[in-house]
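Hi everyone, thanks for making time. I'd like to walk you through a structure that may be new to you, so have a look at it first.

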Amino acid sequence: MKEFIIADNQELTRYALEHLIGEGKDSAVYVASNRAGVVKLLTLHPGAVVILDYTLFDFQDEDQLLIVAERFSLSEWILFSDELSPQFVRRVVYSSHQFSVVLKDSSVSELRQAIIMVSQHNRYLSQRAMETIIAQQQEEKQMSNYVLTQTETEIVRAIAQGKTTKEIAAERYLSVHTVTTHRKNIFRKLGINTAHEATKYALRAGLVDSSEFYI
């Protein structure tokens, strides 16, 4: 018999979940109203599937959630919530294979599929959850492109001070080719094309003051 713990404080949602779970054969459903109730039920039913609305429950943060899941390592979890942040979804999904995610604006068919798959010990991530994780990865990758290394920052400062590529290379004991490569990387990261634009960036970023740069 497959056991489920519904941890959702919305009455209509609980009713819908009980109906979907009841479509399967040989299942038992228990209801928890808070984190302590979830822990108590997991103590009695350690292999249960917990369907949790994280945003409506009293878990302090994702660390506390992960600790409870780790404590009951045979349990499986379906996070069924609104407004889960991309950072939260990615952290939980990457930290433990016990977690599946279905956002509350997902279709009934997606929720049904999640219940079926998790009952068979397979993880399920809804389309929206996957899109959220991918978007977060792309955003982090894009942001990393904007971060200059210490060497690149120093070269931007030197450009703003009016120094030529040859002068920068001599001061830093680098080849002209190496400095040129740094310049290309800097321009790509900042989305600029000229030393004039690099100088304006240096001023806005506080790398130089008005007595050091040349517009």
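Let's start in the middle: in what sense do β3 and β4 pair, and over how many bridges? They pair in the parallel sense, over 4 bridges. Two strands pair here if DSSP finds at least two bridges between them, and the helices (H or I, at least four residues) and strands (E, at least two) are DSSP runs, numbered from the N terminus.

Quick housekeeping. This is a predicted model, where local features need pLDDT of at least 70, side-chain atom pairs count only at pLDDT 80 or more, and totals for chains, interfaces and linings use all residues. Residues are numbered from 1 along each chain as its sequence is written, and side-chain values use heavy atoms, with hydrogens and water left out.

Okay, back to the sheet. It's an open one with 5 strands in the order β2-β1-β3-β4-β5, and the pairing is parallel. At the edges sit β2 (27-31) and β5 (99-103), each pairing on one side only. On average, neighbouring strands are turned by 20° against each other, direction ignored; axes are lines fitted to C-alpha atoms, for helices over the stretch in contact, and angles run from 0 to 180 degrees between N-to-C directions.

Zoom in on β3, residues 49-52, which runs parallel to β1 and is joined to β1 by 4 bridges. Ile 5 has Val 50 in β3 as its bridge partner. Val 49, meanwhile, stands opposite Glu 76 in β4.

Now, is β4 enclosed or open? 6 of the 6 residues of β4 are buried, so this strand is largely enclosed by the rest of the structure. Buried means under 20% relative accessible area, exposed over 50%, and partly exposed in between (1.4 Å probe, protein chains only). In a regular strand, side chains alternate between the two faces of the sheet. In β4, Glu 76, Ile 78 and Phe 80 are buried on one side, and Trp 77, Leu 79 and Ser 81 are buried on the other.

And what about α5? This helix lies across β1, β3, β4 (76-81) and β5, running at about 165° to β4; contact means heavy atoms within 4.5 Å.

Last stop: two oddities in the loops. Most residues other than glycine have a negative phi. His 121, though, has a positive phi of about 65°, and lies in the loop between α5 and α6 (127-146). His 121 is exposed, with a relative accessible area of 58%. Tyr 173 also has a positive phi, near 55°. Tyr 173 lies in the loop between α8 (165-172) and α9 (176-190), and is exposed at 78%.
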